[in-house]
Amino acid sequence: MEALADWPRSGIPRVPEAWLLTVARRKLIDAARRRRVGQEAEPTLALLADGLDDANAEAGIPDDRLRLMFVCAHPAIDAGVRAPLMLQAVLGLDAAAIASAFLVAPSTMGQRLVRAKNRIRQAGIAFRVPERDELAARLDAVLEAIYAVYAQGWSDPAGTQARSRGLAQEGIWLGRLVVSLLPQEPEALGLLALTLHAEARRQTRRDAQGEFVPLDAQDPAHWDTTLIEEAEALLVRASRLGAPGRFQLEAAVQSAHAARRLQGRTDWAAIVELYDALLALTGSVVVAVNRAVALAAHVNGTRGAAEGLAALDALGDDTQLAQYQPYWAARAALLARSGSVQAAADAYRRAIGLESDPALRRFLQAELSRA
């Protein structure tokens, strides 16, 4: 049926069999996701639907899930819980997965979601699909949720975990829908560019034996050039709109990494500058950790390791870091590079204990054995 609807409009694809397989796979993923949403999020969906005004249910939003995501971005709901509510109610993620995406404890995230739903009930918030001129004001939370759902899928590149299987493709699909709906929103363009740049490297994140391959060891010749070129075109479109933001800057970092396929080297100075701008904009501890790694890569030898460690130390006792594996992995690598063998080993063990991906655990264990 999709072929009958699509092919007369856009033409028969170059490889029809591949197109049909892709559509079939997407439908299977969609069906599984809807079943899971029904099981885990039915009470929240019912709560939202109680006040949902069907009179403007179309509102120009071409997807049921996206429509509900904009509903969840209602201004009466606390800004910090809008994206988590979308992830639970619309996309079917459980509290543990949502908590991981926002670097908080599952119990904390569960409490936030419960409080938000209690507020919805007590305040008698009347939900409706927003009019087109209201979408931009609700866009930030929707983009944050789409990014989180993509990141959940990105963390499982082999598709071995049932709860995250297909989420990366779903994130890209939703990102494309938002861009088609709001083509002049630079952050929507930036988010789609970011996910496409990341997706271009998916197949190189594991070798033929399924072992983890870090970014600096990946062969750029095997990155997906078509996705990279699309991402670059989206970034150019976004830059012409003159309103740089978080997702555009993150996509620009990925663009700088992708340039290695053309230049044969990574411009770490440019990446540090981009992280400086991102950190000033967001204050994110995740950005701060990535900036420390980039700073260490920019400066050779033990001096680079010392500067990277100083940047990590400057984060102090941020409670988010205790359970953040990339922080401990980065710290371990920099300690090993500086010659602090025992401290590096301790940090590697901490990172290994926080990692659930078997391939990444094996990689970290190998690094520990070399420390």
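## Polar contacts and a buried arginine

A polar contact here is a pair of N or O atoms within 3.5 Å, where one must be able to donate a hydrogen and the other to accept it. Keep that in mind for R202 and E199, whose side chains are joined by one of 2.8 Å. This is a predicted model, by the way.

R202 sits in the loop between α9 and α10. Is this arginine buried or exposed? Buried means under 20% relative accessible area, and R202 comes in at 9%, so it counts as buried. Its C-alpha is 7.9 Å from that of W154, although the two residues are 48 apart along the chain.

## The overall picture

Now for the whole protein. There are 18 helices and zero strands. The chain has 371 residues, and 46% of them are buried. The accessible surface is about 18,100 Å², with carbon and sulfur atoms accounting for 54% of it.

If you take the contacts with a separation of 6 or more, 65% are between residues 24 or more positions apart.

## Two nonpolar cores

In soluble globular proteins, nonpolar side chains tend to be buried together. The largest nonpolar core in this model has 65 residues, and the members that touch the most others are L66, M69, F70 and L87. Which helix gives the most to this core? That would be α7 (residues 132–154), with 10 residues.

F70 is a good one to click on. Setting aside residues up to four places away in sequence, F70 touches I61, P130, L135, R138, L139, V142, L181 and L182. There is also a second, separate core of 34 residues, and its members include L278, L295, L312 and Y348.

## Helix α10, one face in

Helix α10 covers residues 225–240, 16 residues in total. From first C-alpha to last it reaches 23 Å, close to the 22 Å expected. Just ahead of the helix, D224 caps the N-terminal end, with a side-chain oxygen 3.1 Å from the backbone nitrogen of T226. After the helix comes G242, which has a positive phi, near 65 degrees.

Which residues of α10 are buried? They are L227, I228, A231, L234, L235 and A238. Looking down the helix axis, these buried residues fall within an arc of 125 degrees, so they line one face. An α-helix has 3.6 residues a turn, so residues three or four places apart point the same way. The buried residues of α10 pack against α9 (186–199), α11 (246–258) and α12 (260–263). On the other side of the helix, T226 and R240 are exposed.

## S255 and its partners

S255 lies in α11, one of the helices that the buried residues of α10 pack against. With a relative accessible area of 15%, S255 is buried. The S255 side chain makes a polar contact of 2.7 Å with the side chain of E232. Leaving aside neighbours within four places in sequence, S255 is in contact with H197, E232 and L235.

## Helix α16

Further along is α16 (residues 325–338), a helix of 14 residues. At 1.5 Å a residue it should span 20 Å, and its end C-alpha atoms are 20 Å apart, so the two agree. Its buried residues are Q325, Y327, W328, A329, A330, R331, A332, L334 and L335.

What do those buried residues pack against? Four helices are listed here: α14 (285–298), α15 (301–313), α17 (341–354) and α18 (358–370). G339 follows α16, and its phi is positive too, near 95 degrees.

Technical notes. Residues numbered from 1 in each chain as written. Predicted model: local features only at pLDDT ≥ 70, side-chain atom pairs only at ≥ 80, totals over all residues. Heavy atoms only, no water. Helix = DSSP H or I, 4+ residues; strand = E, 2+ residues; numbered from the N terminus. Expected span 1.5 Å × (residues − 1). Buried < 20%, exposed > 50% of the residue type's maximum accessible area, 1.4 Å probe, protein only. Arc of directions from axis to C-beta. Contact = heavy atoms within 4.5 Å. Core = buried A, V, L, I, M, F, W, Y, C linked by side-chain atoms within 4.5 Å. Areas by Shrake-Rupley, 256 points an atom, 1.4 Å probe, with all protein chains shown as cover.
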